[in-house]
Amino acid sequence: MALEKTVYIGTYIHSESLTKVDVAVDGSIGVGEDGKIAFVLRDTTEVPEGWRNAKVIRTQDHGFFFPGFIDTHIHASQYPNAGVFGNSTLLDWLNTYTFPLESSFNNLDNAARVYNRVVARTLSHGTTTACYFATTHVPATNLLADICQARGQRAFVGRVCMDRMSPDYYRDESVEVAVDASRQCIDHVMKIDPAFDLITPVITPRFAPSCTAEVMAALGKLHQETGVPCQTHISENKAECALVKELFPQSASYTHVYDEAGLLTAKTILAHAVHLGVDERALIKARDAKISHCPASNTALTSGAARVKTMLSEGLTVGLGTDVSGGYTCSILAEAREAIFVSRHVAMTDGDEAKLTVEEALYLATRGGARVVGLEDRIGGFEVGKDWDAQMVTLSSVEDAGVIDQHAGPVEIFGGESWEDKVAKWVYTGDDRNTTAVWVNGRLVHSREGLKL
Ligand SMILES: O=c1[nH]c(=O)c2nc[nH]c2[nH]1
Ligand SMILES: [Zn+2]
């Protein structure tokens with residue numbers, strides 16, 4: 001579909017570094033027909049020569065353009081269970097809630113309904129890139145890839161592999177089945193998006209307890225042979241860590257289990273990393289593997305509190321993951337908030353340096369996530385040559401103090417706020433009502449009903 005040359009005028013905000021958010025008041029960004037940023041101008045809303053015929057889109061009220069969010073870990077198939085976890089912890093949660101739900105994706109109608117919904121919903125929250133776990137089912141996993149492509153969401157789509165410690169009705173029968181099914185899903189994406197421009201397949205061993213050493217070694221070989229990225233879980237819960245020790249007595253640590261299988265590389269995304277030892281973090285750093293921090297899930301399943309500031313100070317690459325449905329929300333904005341609050345609980349025992357700031361949380365949600373998925377040259381910020389993966393955020397003024405405009409959302413701008421205050425109000429009190437439009441690679445993929453662009 002051909003895109004129109006477009007100039008986005010108004011304030012734009014993005015992370016300049018881990019600790020600094022750059023606010024460019026009254027600037028403009030030009031996006032070409034290829035969906036890429038052609039120019040970025042500060043302090044002028046003038047449309048430059050050569051762009052006078054371009055479409056113009058302006059921010060509204062106290063709004064701003066912000067990079068699209070990157071969800072580095074979400075289970076698309078678990079979306080119907082978002083908010084449903086009771087008082088369970090990881091291992092019983094899997095058996096009680098998760099495996100029965102995931103096994104229902106042998107039904108393609110069910111898969112179509114859930115996957116269309118989760119992609120539409122995450123887009124509406126400003127998630128322009130998502131790393132999805134699907135299920136073991138090849139047709140349903142391929143359907144998820146098709147749906148992401150049709151709806152225009154940048155996505156990493158993984159067919160889940162698991163050949164033990166799960167019910168008979170939901171597991172791979174053999175190593176060969178797991179590898180062959182993974183290959184079929186890789187081949188499917190190669191057919192629909194040969195350059196992996198929007199959709200990328202991802203090799204997905206569920207986690208060490210549900211994968212034999214043989215299946216992980218075979219998937220490690222596939223990872224090395226194809227160069228296709230890999231995603232899994234690591235060190236989420238203490239009982240899980242003890243189980244891994246018992247299942248892999250020869251391995252020095254949980255991290256070594258993946259390393260010995262050839263699954264720990266610069267293209268590996270590890271979700272959780274709550275209980276990692278110093279040596280494990282050093283090994284992850286040495287391999288340049290990436291971390292998806294999932295604070296809402298870690299709180300919901302009482303898994304623990306990941307030491308994010310420690311990982312960052314040691315030079316690890318970290319992004320945010322909603323981990324639906326261990327996590328209750330598919331909003332990365334909410335996840336940023338959760339990350340800040342979990343870090344404050346860590347600070348109550350470890351000291352103030354453990355606290356994440358608003359700026360750091362927003363970095364993790366955008367540039368950090370981009371590095372986690374290996375797309376830091378294409379997404380995560382507004383620079384010439386990057387793809388226009390962006391959201392338009394709208395914050396409303398308090399007009400009539402006695403009237404609540406439900407449509408406008410809960411962020412209240414009274415008038416004296418600095419830009420720093422406005423961003424903080426968005427992070428702490430905002431929701432999807434503030435995300436009024438979303439673009440991926442220049443294509444409009446979501447807009448609030450009635451919005452005139
Ligand atoms: O948060 C999680 N969600 C899952 O589905 C899962 N499977 C293994 N370990 C897991 N952790
Ligand atoms: Zn998960």
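In which sense do strand S2 and strand S3 pair, and over how many bridges? That was my opening look-up today, and I kept in mind throughout that this is a predicted model.

**Entry 1: the hairpin**

I found that S2 (residues 21-31) and S3 (residues 37-41) pair in the antiparallel sense, over four bridges. I then picked Val-31 and looked for its bridge partner in S3, which turned out to be Ile-37. Five residues lie between the two strands of this hairpin. Among them I noted Gly-35, which takes a positive phi near 80 degrees.

**Entry 2: confidence**

I checked the scores before going further. The chain averages a pLDDT of 97, and 100% of the residues score at least 70. For the model I wrote down an ipTM of 0.98 and a pTM of 0.99.

**Entry 3: the open sheet**

Next I traced a sheet of four strands. The sheet is open, its order is S12-S13-S14-S15, and the pairing is parallel. Which strands stand at the edges? They are S12 (230-234) and S15 (317-320); each has a single partner strand, so one side of each is left without a neighbour in the sheet. I also looked up the twist: neighbouring strands here are turned by 30 degrees against each other on average, with direction ignored.

I stayed a little longer with S12. Its pairing with S13 (residues 268-272) is parallel and runs over five bridges. For Ile-234, I found the bridge partner in S13 to be His-272.

**Entry 4: two helices**

I turned to helix H3 (residues 138-151) and helix H4 (residues 175-192). They pack at an angle of about 25 degrees, and their axes are 10 Å apart. Angles under 35 degrees count as roughly parallel, and H3 and H4 are therefore roughly parallel to each other. I noted the hand of the crossing too: H3 passes H4 in a right-handed one.

**Entry 5: around ligand 1**

Which residues are around ligand 1? My list reads His-75, Leu-90, Leu-94, Thr-98, Arg-206, Phe-207, His-233, Glu-236, Ser-297, Asp-323 and Gly-326. Sorted by class, this shell has three nonpolar, five polar and three charged residues. I then asked which element gives the largest share of the shell. The answer is helix H1 (residues 90-103), with three residues.

One link back to Entry 3 pleased me: His-233 is in the shell of ligand 1, and S12 spans 230-234.

Technical notes
Residues are numbered from 1 along each chain as its sequence is written. Chains are lettered from A and ligands numbered from 1 in the order in which they are written. This is a predicted model: local features need pLDDT of at least 70, side-chain atom pairs count only at pLDDT 80 or more; totals for chains, interfaces and linings use all residues. A residue is near a molecule or strand if its C-beta atom, placed from the backbone, lies within 6 Å of it. Ala, Val, Leu, Ile, Met, Phe, Trp, Tyr, Cys and Pro count as nonpolar, Asp, Glu, Lys and Arg as charged, and the others, Gly among them, as polar. Two strands pair if DSSP finds at least two bridges between them. Axes are lines fitted to C-alpha atoms, for helices over the stretch in contact, and angles run from 0 to 180 degrees between N-to-C directions. pLDDT is the predictor's confidence in each residue, from 0 to 100. Angles under 35 degrees count as roughly parallel, over 145 as roughly antiparallel, 65 to 115 as roughly perpendicular and the rest as oblique. A crossing is left-handed if the near helix is turned anticlockwise from the far one by less than a right angle, and right-handed if clockwise.
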